[in-house]
Amino acid sequence: MPKEESIRNDNLIIGRNSVIELLKSGREVENVLIAKGEREGSITKITAMCREKGIVIKSVDRRKLDFMCGNANHQGVAANVPAHSYATVEEILEYAKSKDEPPFIVICDEIEDSHNLGAIIRSAEACGVHGIIIPKRRSTGLNYIVAKTSCGALEYMKVARVGNLASTIEELKKKNIWVYCADMDGQPWCKTDFSGGCALVIGNEGRGVGRLVKEKCDVTVSLPMRGKINSLNASVAAGIIMYEVAKQRLGL
C-alpha cells in the first residue's frame, strides 16, 4: 500500500462516544466500521442508530481497523465521513439546465477503487460533465483518497449518491436522457451519437456493469481491444468515452 494511504486521515472518526455524537449530529456519514466480534455495550446502540438512519455498517478485521486508525484506541468502531458533501440528482439536472446544456452525467456502477473514482471525477470535470452518480452500497465514497486523486476537481463536481441505480436510470430516461453502457460487445464508441442528454455508465473494475443496470441502458458502447487483455482500467475507459462525448458537443 502506498505510504500516503497509511497516514491517518481527517475523514475518519474513531471511538464509541465520538461515533455516537457524530450520528446524533446529523452530519453525513459514509459508513461505520465495526471490528468483527464487537457486539456488547454501546456497539449495540451504534448499530441501532445506523440502521435507523440507513447508514451502511461494515464488519472489518480488527487489525485492518488498527491500521486505518494509526493504532489509536478506536474501541472497535470508526466512522467514515465524506471529504465533500453530496449533491442530489435533481441538483445535477438543474446545473445542466442553468448552463443551457443537455445533461451530461457519468454513472459509476460499484466502482470500488478510490483512485479510480478520483481519476474519473478529474476527467469528468475537464470534459464538462454536469455530475456523477454513485450507489450507496458496494462502492467507494468521497473519501480523502478520492479527493486527493481528483486533484481539486471534486470541489467543482457534483456527486450524487443513490440507493438504487436501476431505478435512477429509469427516472433519467423519463427526462429524455439516453443511457450508454460502457461494456464489451457493444457498438464502437467513436461511431456512436452522443448528442442530446447523455448518461454514461462505467462498471466495476472486475465485474463490469451489473446485469440489471445494463438491461436498463439504451445503448452499449465498446472500445477496441487489440492486445492480449480484454479490458481497460475503469477510469481510462471512462476518460476515452467522456472525451468523445465532449468532442461531439464541441462539434469537432
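**Why those labels? Burial, cysteines and a helix pair**

User: What makes Cys-217 count as buried?

Analyst: Its relative accessibility comes out at 12%. Buried means under 20% relative accessible area, while over 50% is exposed and in between is partly exposed (1.4 Å probe, protein chains only). So 12% puts Cys-217 in the buried class. One caveat up front: this is a predicted model, where local features need pLDDT of at least 70 and side-chain atom pairs count only at pLDDT 80 or more, though totals for chains, interfaces and linings use all residues. Residues are numbered from 1 along each chain as its sequence is written, and side-chain values use heavy atoms, with hydrogens and water left out.

User: Why is the sulfur of Cys-217 not bonded to the one in Cys-181?

Analyst: A disulfide is a covalent bond between the sulfur atoms of two cysteines. Here the test is a pair of cysteine sulfur atoms within 2.5 Å. Cys-181 holds the closest cysteine sulfur to that of Cys-217, but it's 4.6 Å away, so that's too far for a bond.

User: How many disulfides does the structure hold, then?

Analyst: Zero. Cys-198 isn't in one either: its nearest cysteine sulfur belongs to Cys-217, 11 Å off. Cys-198 has a relative accessible area of 0%, so it is buried too.

User: What makes His-74 buried, and where does it lie?

Analyst: Its relative accessibility is 2%, so it counts as buried. His-74 lies in the loop between helix H3 (62-68) and strand S4 (77-80). Leaving out residues up to four places away in sequence, it touches Ile-14, Gly-15, Arg-16, Arg-62, Leu-65, Asp-66 and Cys-69; touching here means heavy atoms within 4.5 Å.

User: And why is Val-106 called buried?

Analyst: It scores 0% relative accessibility, so buried is the label. Val-106 sits in strand S5 (residues 104-108). Beyond residues up to four places away, its contacts include Ile-120, Val-129, Leu-200 and Met-242.

User: Why are helices H1 and H2 called roughly parallel?

Analyst: H1 (residues 16-25) and H2 (residues 42-53) pack at about 25°, with axes 10 Å apart. Since that angle makes H1 roughly parallel to H2, here are the cut-offs: under 35 degrees is roughly parallel, over 145 roughly antiparallel, 65 to 115 roughly perpendicular, and the rest oblique.

User: Which residues make the contact?

Analyst: Among them are Val-19, Ile-20 and Leu-23 of H1, and Ile-43, Ile-46 and Met-49 of H2. By class, the contact has seven nonpolar, one polar and four charged residues.

Key. Axes are lines fitted to C-alpha atoms, for helices over the stretch in contact, and angles run from 0 to 180 degrees between N-to-C directions. Helices (H or I, at least four residues) and strands (E, at least two) are DSSP runs, numbered from the N terminus. Ala, Val, Leu, Ile, Met, Phe, Trp, Tyr, Cys and Pro count as nonpolar, Asp, Glu, Lys and Arg as charged, and the others, Gly among them, as polar.
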